[in-house]
Amino acid sequence: MRTDTGKVFHLEDYKPTDFLIPETHLDFTLDPERTIVKSKLIVERRAGVGADAPLILDGDGLKLVDIRIDGAPLGDNAYMASPERLEIRGLPENGRFTLEITTEINPTLNRQLTGLYRSSGVYCTQCEAEGFRRITYFLDRPDLLSVYTVRIEAARSEAPVLLSNGNPKDKGALTDGRHFAVWHDPHPKPAYLFALVAGDLGVITDSFTTASGRHVDLGIYVEHGKEARALYAMDALKRSMKWDEEAFGREYDLDIFNVVAVSDFNMGAMENKGLNVFNDKYVLADPETATDADYAGIEAVIAHEYFHNWTGNRITCRDWFQLCLKEGLTVYRDHEFSADMRSRPVKRIAEVKALKAHQFPEDAGPLAHPVRPRQFREINNFYTSTVYEKGSEVVRMIRTILGPDLFRKGMDLYFERHDGDAATIEDFIKVFEDASGEDLSQFGLWYDQAGTPNLAVTYDYDQATKTFEIEIEQSLKPTPGQASKKPMHIPIKFGLLGAKGRELKPRSAKGGLVDGDVIHLRKRKERFTLSGIAERPVPSLLRGFSAPVTMTSELTRTDLIFLARNDGDEVNRWQALTELLNSKLTSNAKRIRGGKPATIESSSIKLLGEIAANVALDEAFRALCLSVPSESDIARELGANIDPDAILASRDALIKTVAEANEEKFTQIYEQLADDGPFQPDAASAGRRALRNVLLDYLSVAEADPKRAVAQFNGADNMSDRAAALHVLVQRFSGSDATSQALKAFEDRFGNDALVMDKWFIVQAMQPGVGALQRVERLMKHKLFSLDNPNRARALIGAFSSGNQTGFNRADGNGYVFFAETILTIEKKNPQLAARLLTAMRSWRSFEPVRREHAREALANIAKVGGLSADVRDIVERTLA
């Protein structure tokens with residue numbers, strides 16, 4: 001485990017390596033406890049680098065066995081080696097030589113799950129961001145591109161499957177029951193994209209013919225007996241390949257594409273060239289074990305990793321400060337793919353909900369950082385929602401500013417100009433400037449300034465001149481390391497609604513720039529005057545959530561109800577309803593904390609009933625509208641002095657009032673949706689199930705009886721309906737015999753399926769109230785629980801700390817004490833997992849004083865532990881700063 005060195009890396013300190021490694025040859029002799037890795041590197045001194053410059057290679061916990069240059073062993077005085085570094089001096093004067101290094105590693109003891117590790121009998125690698133240095137000494141950085149040839153040798157009985165990047169070149173039998181395989185990847189790549197998988201795995205195969213007629217063999221490797229559960233992933237892969245050809249003109253470039261699903265994996269998946277390695281939760285699905293959310297997640301992640309073949313692999317990032325160049329761009333691409341596969345408005349609302357739930361709090365807290373950070377202490381801690389999701393929003397804004405045609409022209413130029421490069425954000429912005437003729441220098445601030453801009457909007461309508469004025473002022477609060485901010489270029493899609501929701505089109509505009517239905521805000525404050533507006537409109541701003549901002553405006557409650565009923569933009573329709581609900585939920589939370597009862601207006605109750613019954617609306621959209629903002633959403637709106645118990649009470653009061661007032665209507669709709677035929681994972685069917693399951697929760701509250709949820713649980717023919725019913729039982733009827741029986745039935749049925757049992761742990765970890773901590777402590781002793789498995793740790797500890805606001809944020813602070821102790825336990829084996837779980841504490845300052853002090857004390861207790869990993873030390877100190 002790397003402990004903290006205190007070193008901070010800065011973007012401005014970047015410089016190219018003194019040496020290049022155009023060819024890398026690796027030879028693995030696999031053994032569970034003593035794997036031998038022989039690397040043969042063709043090394044070239046870069047032009048202009050002096051002959052006396054040393055070659056300094058990265059390592060992490062390595063044991064050096066042998067080292068040679070051009071076949072000759074090096075004497076002890078020719079190099080200095082430690083587990084973390086190899087420095088070689090006195091190199092050949094001609095500047096080109098062959099360096100051979102032999103290292104020995106223990107895959108079984110590698111519970112960090114980075115580098116080469118062995119879990120559940122399978123050898124697997126994870127090299128992003130800096131895991132390759134745990135395999136062999138190397139220039140382990142993304143701008144060092146090399147062509148890899150890999151030989152793997154293992155006992156056939158232990159590992160009949162031997163996989164690596166690229167195309168297969170050779171294979172054969174050896175003595176003593178061993179065998180080998182050779183793989184070659186003709187495309188230069190950085191070390192973080194190296195992959196090796198070896199084990200006894202089942203496989204499903206298929207093929208794809210590219211637009212130019214090339215045949216590509218496809219394989220998805222899974223545990224034996226789970227092959228049928230990989231069929232949906234294979235279908236999603238083929239759809240991804242076809243979509244990327246049509247939407248971005250990108251063909252696949254190897255003869256084979258493999259996906260491997262493993263059960264122990266720190267990330268969701270990894271885009272290694274030609275050999276994607278996946279957490280099995282994003283591969284395995286069938287109606288019995290996977291929810292609709294699981295199917296959608298598999299479709300999105302399969303697409304995301306495949307799309308990296310061009311945005312990340314063929315064009316990689318120059319340094320880790322440019323991480324959003326591959327991740328944010330590829331998230332945008334997978335979002336667009338999913339929108340085309342499903343309902344575009346529903347998908348967009350889901351993206352906005354996720355952005356507000358995860359990225360906005362990140363922007364508002366001590367872990368705030370720009371989409372492209374300018375410094376870091378531990379790069380593993382910057383695989384964040386800001387880099388991924390906000391990075392995607394920045395790409396989306398470029399498309400909004402330029403329009404679809406110029407955006408596509410810019411992307412085509414990017415692929416043409418930078419294929420084979422390690423590129424930068426400046427390179428990316430430049431292709432769009434060159435393709436469009438636009439100056440995007442101000443827009444580039446989105447990559448460099450942290451925080452979520454707020455738009456303060458005022459309106460003025462003049463009946464005499466038939467003009468409508470919109471004044472917008474942008475502001476951006478200080479964030480760590482950035483006290484003052486410059487005005488951003490913010491694209492604001494808009495519409496103006498007249499009577500009965502009729503769209504009013506302005507004849508002309510003056511003041512700031514208005515291009516069609518997009519307002520371009522560039523100054524701190526600007527006024528936009530729209531003429532030819534025959535009646536006072538209700539403005540609909542930020543349509544499609546065209547920029548990742550917050551907004552305060554003069555819209556009244558009546559205006560918001562009008563938009564919720566009439567806006568032609570479904571994202572804004574949902575947003576108007578959400579604003580109405582949030583306003584009431586936050587005010588009631590304050591009332592309850594002050595000892596007053598909650599109040600609910602009849603207009604909100606009626607509106608939700610109308611939306612539920614409106615068959616002209618997509619069922620999935622109706623389900624999203626009926627889903628009351630979460631406790632975390634309400635806390636984010638409150639911003640400070642948060643009392644989770646009052647928030648829960650406010651939310652429950654709203655749900656109860658709406659449920660009781662609409663019980664008859666909700667019952668009728670619920671029963672109409674019951675006969676849906678055999679399970680299908682398509683978007684329309686998933687939407688119907690989503691609406692029915694939201695109504696199940698309302699009806700269970702209105703009826704104050706678990707019978708309906710029990711009936712759905714027992715009669716369900718798919719995991720979506722079964723898991724939803726179990727969630728209602730646990731949330732609404734905790735401690736009842738019905739709930740206990742359902743939990744036992746679920747465990748009895750799925751106890752041998754780790755992925756399904758993760759759902760069982762999650763639903764119990766999120767059960768609110770003071771009893772949650774004791775329940776989590778008891779579940780940690782369950783025979784199926786292990787902190788060594790990242791999925792299981794996230795299912796219990798992650799769900800408790802991030803998803804159970806009242807149970808985790810107890811007023812007595814015991815939830816924080818337990819969490820700190822657990823983080824320190826996990827950190828000893830898997831620092832990356834511990835650090836990511838620890839981000840649940842990022843909003844600790846927003847709580848009321850008693851909880852706030854308990855949280856600070858728990859964080860301080862972690863910080864004072866000696867020998868902390870770099871990952872955890874970085875998070876805890878930034879959180880406390």
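**View 1. Tyr306, a buried ring in helix H2.** In this predicted model, Tyr306 has a relative accessible area of just 2%, so it counts as buried. Its partner here is Tyr252, which is buried too, at 2% relative accessibility.

**View 2. The rings of Tyr252 and Tyr306 up close.** To describe two aromatic rings as a pair, you need the distance of the centres and the angle of the planes. Across the whole model, the count comes to 37 aromatic pairs. One of them joins Tyr252 and Tyr306: the centres are 6.1 Å apart and the planes make an angle of 45 degrees, which puts this pair in the tilted class. Tyr252 sits in the loop between helix H1 (231-248) and strand E19 (256-262), while Tyr306 belongs to helix H2 (residues 292-307), so the contact ties together parts that lie 54 residues apart in sequence.

**View 3. Trp760 meets Phe761 edge-to-face.** Here the ring centres are 5.1 Å apart and the planes stand at 90 degrees, over the 60 degree cut-off, so this pair is edge-to-face. Trp760 and Phe761 are both buried.

**View 4. A cluster of linked rings around Tyr252 and Tyr306.** Zoom out from the tyrosine pair and you find both residues in a cluster held together by ring pairs. Its other members are Trp243, Phe248, Phe257, Phe307 and Phe337.

**View 5. Two arginines over ring faces.** Phe248, one of the cluster residues, has Arg333 lying over its face, 4.8 Å from the ring centre. Elsewhere, Arg318 lies over the face of Tyr14, at 3.7 Å from the ring centre.

How values were computed
Residues numbered from 1 in each chain as written. Predicted model: local features only at pLDDT ≥ 70, side-chain atom pairs only at ≥ 80, totals over all residues. Heavy atoms only, no water. Phe/Tyr/Trp six-rings, centres within 6.5 Å; stacked < 30°, edge-to-face > 60°. Helix = DSSP H or I, 4+ residues; strand = E, 2+ residues; numbered from the N terminus. Buried < 20%, exposed > 50% of the residue type's maximum accessible area, 1.4 Å probe, protein only. Lys NZ or Arg CZ within 6 Å of the ring centre and 35° of its normal.
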